[in-house]
Amino acid sequence: MAGNELEKAFQTLTDALDLSEAETTEEIKLVDEQINELREKIIELRGKQETLTHDRTSISEMFQRYVEEDKK
């Protein structure tokens, strides 16, 4: 009888470990998805930042030309 109870205890422990492992695996998948979404967002924002930098430079150059023409 003690052997049967021991088997049940080990089975309960195994089931708990399997559940914990499944939960951990699922959480890892979710975090990986978030990481990928953040990488994509970073790429998008870097593109916007480059565009803004270019626009700022263009505006500055136009302003400088306007100021130079105004001095004449």
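Visitor: Before we get to residues, where do the cut-offs sit for buried, exposed and partly exposed?
Guide: Sure, and keep in mind that this is a predicted model. Buried means under 20% relative accessible area, exposed means over 50%, and partly exposed is in between.

Visitor: Then which class does Ser60 get?
Guide: Ser60 is found in helix H1. Its relative accessible area is 38%, and the class in between runs from the 20% cut-off to the 50% one, so Ser60 counts as partly exposed.

Visitor: What about Thr57, which class is that one in?
Guide: Thr57 lies in helix H1 too. Its relative accessibility is 39%, so it goes into the class called partly exposed.

Visitor: And Glu40, buried or exposed?
Guide: Helix H1 is also the place of Glu40. Its relative accessibility is 57%, and the cut-off to pass is over 50%, so Glu40 counts as exposed.

Visitor: Which residues gather with Glu40 in the patch of negative charge?
Guide: Asp and Glu count as negative, and the patch on the surface is made of those two types. Besides Glu40, the patch holds Asp32, Glu33 and Glu37.

Visitor: How far apart in space are Thr57 and Glu37?
Guide: In sequence, Thr57 and Glu37 are 20 residues apart. Going C-alpha to C-alpha, the distance in space is 30 Å.

Visitor: And Ser60 to Gly47, how many Å is that?
Guide: Here the separation in sequence is 13 residues. From C-alpha to C-alpha, Ser60 and Gly47 are apart by 20 Å.

Visitor: How much accessible area does the nonpolar patch with Leu13 have?
Guide: Leu13 sits in helix H1, which covers residues 2-71, and is partly exposed at 47%. It forms a nonpolar patch on the surface with Leu6, Phe10 and Leu17. Together, their accessible area is about 420 Å².

Visitor: What is the radius of gyration of the protein?
Guide: The secondary structure comes to 1 helix and 0 strands. For 72 residues the globule rule gives 11 Å, and the protein is well over that, so it is more spread out than a compact globule. The C-alpha atoms fill a box of roughly 105 × 10 × 5 Å along the principal axes. The radius of gyration itself is 31 Å.

Visitor: What share of the residues counts as buried?
Guide: The accessible surface comes to about 7,100 Å², with 57% of it on carbon and sulfur atoms. Of the 72 residues, the share that counts as buried is 0%.

Visitor: How far apart are the mean positions of the positive and negative charges?
Guide: There are 10 positive and 19 negative charges in the protein. Their mean positions are apart by 14 Å.

How values were computed:
Residues are numbered from 1 along each chain as its sequence is written. This is a predicted model: local features need pLDDT of at least 70, side-chain atom pairs count only at pLDDT 80 or more; totals for chains, interfaces and linings use all residues. Side-chain values use heavy atoms; hydrogens and water are left out. Patches are made of residues with over 30% relative accessible area and no salt bridge: like charges are joined within 9 Å, nonpolar side chains (Val, Leu, Ile, Met, Phe, Trp, Tyr) within 5 Å. Accessible areas come from the Shrake-Rupley method with a 1.4 Å probe; for residues, only the protein chains shown count as cover. A salt bridge is a side-chain nitrogen of Lys or Arg within 4 Å of a carboxyl oxygen of Asp or Glu. Helices (H or I, at least four residues) and strands (E, at least two) are DSSP runs, numbered from the N terminus. Buried means under 20% relative accessible area, exposed over 50%, partly exposed in between (1.4 Å probe, protein chains only). The place of a charge is taken as NZ of Lys, CZ of Arg, CG of Asp or CD of Glu. The radius of gyration is taken over C-alpha atoms; the globule rule is 2.2 Å times the number of residues to the power 0.38.
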